[in-house]
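Reader: I would like to learn how to read a protein model, one feature at a time. Where should we start?

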Amino acid sequence: RQLLDVWVGLPFLVGAAVAAVVTVVLVVALRPHLSEPVEKDTSGRRSLATAFSLLREPGIRVMCLAEGLWNFALSALRAFVVLYFTVGLDRSSTFVATVIFPLVAVGIAAAAPTVGWLADRVGQVRVLLVATTVYAVGMALPGLTSAWWVIVVIPVVAAGAATVMTLPFSVLMLSLIHI
């Protein structure tokens with residue numbers, strides 16, 4: 001609340017700066033270790049070393065980095081959602097807890113059983129492209145308007161976010177088959 005007293009946009013800038021710093025620190029810390037040889041597990045059991053050996057594949061490294069950033073961004077969005085509705089739209093925290101978060105849950109619950117089926121029918125990359133677009137446009141809406149109807153699109157944006165968070169793992173599994 002103190003950051004909001006200084007300037008309404010300050011909490012968002014601080015959050016973005018923290019996200020950027022954490023990402024840079026992580027990438028810098030992991031970079032030297034990506035070229036280290038990984039020992040094979042001779043006992044026949046899969047090990048952490050075996051899992052890290054997958055990071056030799058550039059596509060898997062990119063997917064893991066993107067997935068980590070998406071997870072981080074989605075976690076940060078909780079604070080944004082609360083601030084947007086409580087400060088931006090002057091709603092109570094009770095309103096957020098009883099209306100907004102259940103709408104998010106509806107979007108996630110609707111996406112869970114349908115996204116895999118849809119990806120099997122039209123392709124994972126197409127579904128991810130549409131979901132990422134829906135997610136991005138939905139996240140841009142609060143920056144463009146403070147109208148009440150933004151509440152209506154919350155389940156759709158939540159479904160897009162859930163898809164972006166989960167479907168890449170099936171793409172990863174398919175790519176592992178071809179390694």
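Reader: Which backbone oxygen does the side chain of Thr 86 reach?

Author: This is a predicted model, so every value here is computed from it. To read such a feature, look for a side-chain atom and ask which backbone atom it meets. The side chain of Thr 86 reaches the backbone oxygen of Val 82, at 2.6 Å. Thr 86 is found in helix α4.

Reader: What else does Thr 86 touch, not counting residues up to four places away in sequence?

Author: With those sequence neighbours left out, Thr 86 touches Arg 91, Ser 92, Ser 93 and Val 96. Val 96 is one of the buried residues of α5.

Reader: Which residues of α4 are buried?

Author: The general idea comes first. An α-helix has 3.6 residues a turn, so residues three or four places apart point the same way. In α4 the buried residues are Ile 60, Met 63, Glu 67, Leu 77, Val 81, Tyr 84, Phe 85 and Thr 86.

Reader: Gly 68 is also in α4. Why does Gly 68 count as partly exposed?

Author: The class depends on relative accessible area: buried is under 20%, exposed is over 50%, and partly exposed lies in between. Gly 68 has 37% relative accessibility, so Gly 68 counts as partly exposed. Gly 68 also shows how distance in sequence and distance in space are read separately: its C-alpha atom is 9.2 Å from that of Met 165, although the two residues are 97 residues apart along the chain.

Reader: Where is the kink in α4 centred?

Author: To read a kink, follow the helix axis and find where its direction changes. In α4 the kink is centred on Arg 78 and amounts to about 30 degrees. Helix α5, residues 93-122, has a bend of about 40 degrees at Thr 114.

Reader: What happens to phi just after each of these two helices?

Author: Phi is a backbone angle, and its sign is the thing to check. Just after α4, Asp 90 takes a positive phi of about 55 degrees, and this is a residue other than glycine. Just after α5, Gly 123 has a positive phi of about 110 degrees.

Reader: Is Asp 90 buried or exposed?

Author: Asp 90 sits in the loop between α4 and α5. Its relative accessibility is 67%, so Asp 90 counts as exposed.

Reader: Is Thr 163 buried or exposed?

Author: Thr 163 lies in helix α7, residues 154-177, and is buried because its relative accessible area is 5%. Its side chain reaches the backbone oxygen of Ala 159 at 2.8 Å.

Reader: Which residues does Thr 163 touch, not counting those up to four places away in sequence?

Author: With those set aside, Thr 163 touches Ala 111, Val 115, Val 127, Leu 128, Ala 131 and Pro 168. Ala 111 and Val 115 are among the buried residues of α5.

Reader: Which residues form a nonpolar patch on the surface?

Author: Val 6, Trp 7, Val 8 and Leu 13 form one, with about 430 Å² of accessible area together. Leu 13 lies in helix α2, residues 10-30.

Reader: How many helices and strands are there in the protein?

Author: The protein has seven helices and zero strands. Of its 179 residues, 25% are buried. Its accessible surface comes to about 11,800 Å², and carbon and sulfur atoms hold 71% of that. Among contacts with a separation of 6 or more, 66% join residues 24 or more positions apart.

Technical notes: Residues are numbered from 1 along each chain as its sequence is written. This is a predicted model: local features need pLDDT of at least 70, side-chain atom pairs count only at pLDDT 80 or more; totals for chains, interfaces and linings use all residues. Side-chain values use heavy atoms; hydrogens and water are left out. The bend at a residue is the angle between axes fitted to the seven residues ending there and the seven starting there. Helices (H or I, at least four residues) and strands (E, at least two) are DSSP runs, numbered from the N terminus. Buried means under 20% relative accessible area, exposed over 50%, partly exposed in between (1.4 Å probe, protein chains only). Patches are made of residues with over 30% relative accessible area and no salt bridge: like charges are joined within 9 Å, nonpolar side chains (Val, Leu, Ile, Met, Phe, Trp, Tyr) within 5 Å. Accessible areas come from the Shrake-Rupley method with a 1.4 Å probe; for residues, only the protein chains shown count as cover. A salt bridge is a side-chain nitrogen of Lys or Arg within 4 Å of a carboxyl oxygen of Asp or Glu. A polar contact is a pair of N or O atoms within 3.5 Å; within protein, one must be able to donate a hydrogen and the other to accept it, and residues adjacent in sequence count only if both atoms are side-chain atoms. Contact means heavy atoms within 4.5 Å.
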